[in-house]
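Open the model in your viewer and keep the selection panel at hand. This tour moves from stop to stop and tells you what to select next.

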Amino acid sequence: MTQSLHPAAQKGFSSGAELYQQVRPNYPQEIGVWLQDRLQIDENSTVIDLGSGTGKFLPYLLQTQAKIVAIEPVTEMLQQLQQAHPMVISLQAFSDQLPLDDESIDAIICAQSFHWFANLKTLKEMHRVLAPSGHLGLVWNQRDIDVDWVKALANEIAPFEGDTPRYHTGQWKQVFEHQGLFKFNGLQNFQLYHHGTVEQVVSKRLLSTSFIAAMPQHEQQRLKAKFEQIVFDFTGLNPQDRIDFPYRTFAYHFQKIST
């Protein structure tokens, strides 16, 4: 495997894989309809979940009854996936070296992952393994910063991002400029609420962010307390009180252009 991982992904996701599995939100139920209607995934399809992480998106793919291949480069994330979904085929590989035959895949899904490997080598590899007119779906859950306390949390986190790839910067879109491999077929967005205690769905969830999970433990605990103080200041809720964390889910549909 020649592709290298960003240090924030390598360290943060290896050390924080179990936390990631526990505290990350799921996806809106409407995403299942999107998979079937837009990406045309059904029981006759073979689908890659690329950058599958701990397998948080797999339940929605399993609903389609397609044959699924989960691919993830980080060992610790893959282990969490295999524990949660032992019946799913899983492979350890990078996005630019997929151990699959030419034109053998009907659709590729990247849920919460494409910004980590948004490069031309990956696009070419996706194009190679996809069948003619095959589908590419890119999905992200994003915290809804139109809500005041969510925006305050985002402002607290921002100085620590550095050069870590992130969806919200939009830099991942640049790879689709001046390429003849994929055409854009549309964007849908959905609303999502993550229900739980402030500690579980806010402060611990934010600790699972790659560049925060890579920090020393004492720094993480300082931030955890800060996150909980922000929520209290805006809402009056304590760490063990229940809260709805609002998200927007963005689902991008691309389709392979035959060359």
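Two strands pair if DSSP finds at least two bridges between them. Helices (H or I, at least four residues) and strands (E, at least two) are DSSP runs, numbered from the N terminus.

Before the first stop, some ground rules. This is a predicted model, in which local features need pLDDT of at least 70, side-chain atom pairs count only at pLDDT 80 or more, and totals for chains, interfaces and linings use all residues. Residues are numbered from 1 along each chain as its sequence is written, and side-chain values use heavy atoms, with hydrogens and water left out.

**Stop 1: strand β7**

Select β7, residues 242-256. Now add β5, residues 130-143. Nine bridges join β5 to β7, and the two strands run antiparallel. For one of the pairings, click Val139: its bridge partner in β7 is Ala251.

Keep Ala251 selected and add β6, residues 182-197. β6 pairs with β7 over 15 bridges, in the antiparallel sense. Here Gln188 stands opposite Ala251.

How many of the 15 residues of β7 are buried? Twelve are, and the strand is mostly covered. Buried means under 20% relative accessible area, exposed means over 50%, and partly exposed lies in between (1.4 Å probe, protein chains only).

**Stop 2: from β7 to a loop**

Select Lys256 in β7, then Glu103. They form a salt bridge, with the closest N and O atoms 3.9 Å apart. Glu103 sits in the loop between β3 (89-91) and β4, so this pair links distant parts of the chain, 153 residues apart.

A salt bridge here is a side-chain nitrogen of Lys or Arg within 4 Å of a carboxyl oxygen of Asp or Glu. The structure holds eight of them.

Is each partner buried or exposed? Glu103 counts as partly exposed, at 47% relative accessibility. Lys256 counts as buried, at 7%.

**Stop 3: salt bridges within helices**

Select helix α10, residues 217-235. Find Glu228 and Lys224 in α10, four residues apart, about one turn of the helix. Their side chains meet in a salt bridge (2.7 Å, N to O). Both residues are buried.

An α-helix has 3.6 residues a turn, so residues three or four places apart point the same way.

Next, select helix α6, residues 120-129. Glu125 and Arg128 are three residues apart in α6, about one helical turn. Their side chains also meet in a salt bridge (2.9 Å, N to O). Glu125 is buried, with a relative accessible area of 12%. Arg128 is partly exposed, at 25%.

**Stop 4: helix α3**

Select α3, residues 30-37. Which residues of α3 are buried? They are Ile31, Gly32, Trp34 and Leu35. These residues lie on the same side of α3, because they cover an arc of only 160° around the axis. The arc is that of the directions from the helix axis to the C-beta atoms.

Now show what lies against them. The buried residues of α3 pack against α4 (58-62), β4 (105-111), β5, β6 and β7. Contact means heavy atoms within 4.5 Å.

**Stop 5: His85**

Select His85, in the loop between α5 (75-84) and β3. At 16% relative accessibility, His85 counts as buried. Leaving aside residues up to four places away in sequence, His85 touches Gly55, Leu58, Pro59 and Leu62.

Zoom in on Gly55. Its backbone oxygen lies 3.5 Å from a polar atom of the His85 side chain.

**Stop 6: strand β1**

Select β1, residues 46-50. Five of its five residues are buried, so β1 is largely enclosed by the rest of the structure. Thr46, Ile48 and Leu50 point one way, and Val47 and Asp49 the other way. In a regular strand the side chains alternate between the two faces of the sheet.

Add β2, residues 67-71. β1 and β2 pair in the parallel sense over five bridges. Thr46 has Lys67 as its bridge partner in β2.

Then add β4. Three bridges join β1 to β4, and these strands run parallel. Val47 stands opposite Ala107 in β4.

Terms used:
A polar contact is a pair of N or O atoms within 3.5 Å; within protein, one must be able to donate a hydrogen and the other to accept it, and residues adjacent in sequence count only if both atoms are side-chain atoms.
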